[in-house]
Amino acid sequence: MAASSTSNVIEFMMFVGRLKQVQRTGWILRGLKNVESVADHMYRMGIMTLFLDPGKTAGINKDKCIKMALVHDMAECIVGDITPWCGISKEEKHQQERDAMDKLCKLAGDQTGQEILELWEEYSQQTTAESKAVKDLDKFDMLLQAFEYEKLLKSPKKLQNFFDNNKGSFNSAEVNNWMEELQNLRTLQRHDEPDGNLPNNGYVKILQE
């Protein structure tokens with residue numbers, strides 16, 4: 001991996017910027033419109049890592065988790081958000097994403113590119129405490145977003161299959177506690193926020209179309 005020129009760094013940043021426009025496929029397949037982007041998803045995951053307690057989660061390196069959250073879906077700026085319903089095998093998905101990461105990391109240069117690639121590979125392999133913690137956050141953010149869409153659409157349990165498919169799949173005691181509270185909120189299915197309090201952004205359009 002060679003040293004990166006300034007032009008390569010800018011090209012890398014522009015590739016990553018595409019994640020702002022890559023919509024999460026799972027929501028689209030459920031008929032939702034104007035859904036969150038991959039960048040939206042990774043940003044909140046990055047924030048979630050700040051709440052991880054190393055004392056409760058196998059002494060994890062929180063800084064490493066933040067970085068891993070920011071790169072775990074980076075390949076999707078090139079290959080898109082490939083889901084199990086896209087007709088692509090796990091092996092082919094991984095190869096497409098690995099090829100994309102190789103391209104991105106060459107643009108990023110020796111030191112930064114190598115760090116990004118190692119973080120991405122560690123997450124993919126799911127063998128370390130950090131990778132498993134970030135995977136928990138990946139799933140929890142998806143379920144939290146599902147609940148938020150149910151509330152916006154005023155359609156309780158509309159996205160129940162997301163919850164069914166991930167039941168009992170969390171390793172972290174902290175994230176399990178978050179899930180318990182989220183399930184309590186879903187049971188109540190409160191829709192007491194007036195529409196006027198919602199931000200005037202793409203999510204509001206989900207209710208309008």
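**Exercise 1. In this predicted model, identify the exposed residues on the face of helix 10 turned away from its buried side, and establish how the buried residues are arranged about the axis.**

Solution.
1. Asn177, Glu180, Thr187 and Leu188 are the exposed residues carried by the face of helix 10 that points away from its buried side.
2. The buried residues of helix 10 are Glu174, Val175, Met179, Leu182 and Arg186.
3. Viewed down the axis of helix 10, these buried residues fall within an arc of 135 degrees, so they line one face of the helix.
4. The packing partners of the buried residues of helix 10 are helix 8 and helix 9.

**Exercise 2. Check the length of helix 10 against its expected span, then describe its two ends.**

Solution.
1. Helix 10 has 16 residues, which at 1.5 Å a residue should span 22 Å.
2. The end C-alpha atoms of helix 10 are 23 Å apart, which agrees.
3. At the start of helix 10, the backbone nitrogen of Glu174 has a side-chain oxygen of Ser172 within 3.1 Å.
4. Just after helix 10, Gln189 adopts a positive phi of about 45 degrees.

**Exercise 3. Repeat the length check for helix 7 and find what its buried residues pack against.**

Solution.
1. The 16 residues of helix 7 should span 22 Å at 1.5 Å a residue, and its end C-alpha atoms are 22 Å apart, which agrees.
2. Buried in helix 7 are Gly113, Ile116, Leu117, Leu119, Trp120, Glu122 and Tyr123.
3. These buried residues pack against helix 1, helix 4, helix 6 and helix 8.
4. Just after helix 7, Gln126 has a positive phi of about 55 degrees.

**Exercise 4. Determine which residues have the most contacts inside the largest nonpolar core and which helix supplies the largest share of this core.**

Solution.
1. The largest nonpolar core has 49 residues.
2. Those with the most contacts inside this core are Trp27, Met101, Ile116, Phe140, Leu143, Phe163 and Leu182.
3. Helices that each supply at least two residues of this core include helix 1 (6–17), helix 6 (90–108), helix 7 (110–125) and helix 10 (173–188).
4. The largest share, 11 residues, comes from helix 8.

**Exercise 5. Is Glu36 buried or exposed, and what joins its side chain to that of Trp27?**

Solution.
1. Glu36 lies in the loop between helix 2 (25–29) and helix 3.
2. The relative accessibility of Glu36 is 1%, so Glu36 counts as buried, the cut-off being under 20%.
3. The side chains of Glu36 and Trp27 are joined by a polar contact of 2.8 Å.
4. Not counting residues up to four places away in sequence, Trp27 touches Glu36 and others, among them Leu32, Met142, Tyr149 and Phe162.

Technical notes. Residues are numbered from 1 along each chain as its sequence is written. This is a predicted model: local features need pLDDT of at least 70, side-chain atom pairs count only at pLDDT 80 or more; totals for chains, interfaces and linings use all residues. Side-chain values use heavy atoms; hydrogens and water are left out. A nonpolar core is a set of buried Ala, Val, Leu, Ile, Met, Phe, Trp, Tyr and Cys residues joined through side-chain atoms within 4.5 Å. Buried means under 20% relative accessible area, exposed over 50%, partly exposed in between (1.4 Å probe, protein chains only). Helices (H or I, at least four residues) and strands (E, at least two) are DSSP runs, numbered from the N terminus. Contact means heavy atoms within 4.5 Å. The expected span of a helix is 1.5 Å times one less than its number of residues. The arc is that of the directions from the helix axis to the C-beta atoms. A polar contact is a pair of N or O atoms within 3.5 Å; within protein, one must be able to donate a hydrogen and the other to accept it, and residues adjacent in sequence count only if both atoms are side-chain atoms.
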